[in-house]
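Hi,

Here is the structure I promised to send over. Have a look at it first, and my notes follow below.

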Amino acid sequence: MVTKLNEVDCVIIGVGLTGAMLAKEMTMAGLTVVGLERGPDRRPNEEFVLPRIRDELRYQTRMELMADNSVDTVTFRNTSDMTALPIRRWGAFLPGEGVGGTSNHWGGSHWRYLPTDFKIRSVITEKYGARAIPEDMTIQDWPVTYDELEPYYDKFDKLCGVSGKAGNLKGQKIEGGNIFEGPRSDEYPSKPLKSSAGALMVAEAAKSLGYHPFPAPFAAPSAPYTNIYGVTLGACEYCGFCGRNSCEANAKASGTINVMPVLRNEPKFQLRTHAFASKLNYDRQAKRVTSVFYTDMNTGEEYEQPANIVILAGFVFTNTQMLLHSGIGQPYDPRTGRGLVGKNYCYQFEAPATAFFENKNLSPFMGAPGDAVVFDDFNGESFDHTGLGFFGGGYVRAGSGASPPIGGRDVPPETPSWGSKWKAETVKWYYGVVDFNTQGSVYANRANYMDLDPTYKDSLGRPLIRMTYNGTENDHKMSAYLLTKVEACIKAMNPSVYEVRPRPKMFTVVPYQSTHNTGGTMMGSTPGNSVVNRYQQAWDAHNLFIMGASTFPQQPGYNPTGTLGALAYWSVDKIKSSYLNNPGPLVQA
Ligand SMILES: Cc1cc2nc3c(=O)[nH]c(=O)nc-3n(C[C@H](O)[C@H](O)[C@H](O)COP(=O)(O)OP(=O)(O)OC[C@H]3O[C@@H](n4cnc5c(N)ncnc54)[C@H](O)[C@@H]3O)c2cc1C
């Protein structure tokens, strides 16, 4: 039996990063809000504390903060003629669970997209000709511009207390920052972190090659900072445990640290944990979602929560799966190219490199993602692609440090993977490693998508989301090009040994690469080319708003969270200023 509950103004599915931000903004507008979170509550002052938080085995190896894939997972295959199998243990990407979601254990590399990224189809066509874009590359312009988003990027920076150095302040280029970025209205809220010893070596080498290195922007302040909601954040302590761990210093931005301390005090907000949302109740005639069904995972009881506004903030997989389960929009069919739900799925995979320096001590036992340096000379349309045979690009990020005892044991190529020789090599090289990483853009392809799996089900009996994904020729060429720049930089540093590791041709879900999954409910200018409009409002249900990277039409060459945070603020601003007074479509179809 399903228990029907009293109606609330707004229900939010997923109390991760965007879910918490949206709940805060909606309660500030006077709305009653229920947050449904499938995982447990997470309280930093109880859970993310010393000594337990610096436990590499618990968090990095055993993945304590990640989603439980015995309850819900993703099935995967490379191409549509293969049979997909469920991912039983997360590898390539690590979706989170519990209040704060994936943001509890993210890496905090904080980026804005380039102004040209938002109109990439038009820019490429204009620069390289009408036939330049291959037919199977299904990229499209975003329905929002950098200039429109800029105030919301700024607001999100000030939620997170981001540390960094501006390279373009109101149009004025500033050496030492990223001179390729779009104009910022304000400096970063916090000064950059100190660069690691390895990062300083890379900066020198990059400069000698004519590149423009700068300190990596990082979603944690370098000094105590009070954010837009009055939450005081601590300074990053360079503890060496960041990605896959949470933050003992109350510094790295997350839903739990930056929003929940004040959201918990909002009388209009109700948090329901272990509440696994299963379906949206869709009134096709009225083009509205009337309620959300969920299961209490502790008792197995089912509930129906009616609401005036429904916000889907459950990360890329849940957002797409929920529309498919609920019959909202047309599922994408790669054979015909018709349908939009599940289309333009993109995943950013990496190509790293390592340089080894004998007799150098680069203090690898400490560090933070913000102590790296970056050069961004080969990203997006910041450079000329004529004759290169691909579009897109990415930044190069490098440094030393934050090498924990189990995982941080880089050894030169040809070293055995176990035994006394391996032990001797880890001791020899531990102190002298500089790591490079490239990820780069992922330009959507007709063959990469998500749909419902015909065989495998989650613990509620619903079909799992199925991912059909492989790297494309365009993106492999782009990655190989970036690696030539990395190799040049490494050579300029004159290491004892180095290794450059190109991407495998076939994407594999086994080693970790990034949790930069995007697409599936993409945004666009018309119902014919998108699932949601420029305010992330579903074309097919005007009271349904979808937050997170599932709305990205494709993936530019940076990490996604800066942009999905800015988009959440941009959309909620419109909900508050227009939708609440006049419910209905915010953009005419
Ligand atoms: C190791 C790691 C490193 C990363 N590093 C970076 C980085 O350096 N830079 C960057 O930009 N990004 C990074 N990311 C990605 C970043 O964490 C995500 O982009 C961001 O957290 C997404 O926010 P979100 O609100 O969309 O989703 P989340 O924060 O994941 O929140 C979604 C929430 O919804 C809940 N949920 C899902 N389904 C349901 C359901 N059916 N019912 C109820 N609740 C549900 C989940 O439990 C979760 O709490 C990293 C991620 C990982 C794992």
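**Ligand site and a few backbone oddities**

Starting with the ligand: one of its nitrogen atoms sits 2.8 Å from a polar backbone atom of Gly 107, which I list as a polar contact (a pair of N or O atoms within 3.5 Å; within protein, one must be able to donate a hydrogen and the other to accept it, and residues adjacent in sequence count only if both atoms are side-chain atoms). There are also two oxygen contacts: a polar backbone atom of Gly 98 is 3.1 Å from a ligand oxygen, and a backbone N or O atom of Ser 109 is 2.8 Å from an oxygen of the ligand. The protein covers 97% of the 1000 Å² of accessible area that the ligand has on its own (Shrake-Rupley, 1.4 Å probe; for residues, only the protein chains shown count as cover).

Before you go further: this is a predicted model, so to speak of local features I need pLDDT of at least 70, and side-chain atom pairs count only at pLDDT 80 or more, while totals for chains, interfaces and linings use all residues. Numbering runs from 1 along each chain as its sequence is written, and side-chain values use heavy atoms, with hydrogens and water left out.

Around the ligand there are 37 residues, and Thr 18, Glu 37, Thr 102, Thr 318 and Thr 561 come nearest (near: a heavy atom within 4 Å). By class, that shell has 13 nonpolar, 20 polar and four charged residues (nonpolar: Ala, Val, Leu, Ile, Met, Phe, Trp, Tyr, Cys and Pro; charged: Asp, Glu, Lys and Arg; polar: the others, Gly among them). Strand 12 gives the largest share, three residues (DSSP runs numbered from the N terminus: helices are H or I, at least four residues; strands are E, at least two).

Now the backbone. The peptide bond from Leu 50 to Pro 51 is cis, with omega near 0°, and Pro 51 lies in the loop between helix 2 (44-47) and helix 3 (56-61). Asn 250 is not a glycine, yet has a positive phi of about 60°; it is placed in the loop between strand 10 (232-233) and helix 7 (255-263). Most residues other than glycine have a negative phi, and most peptide bonds are trans.

Cheers
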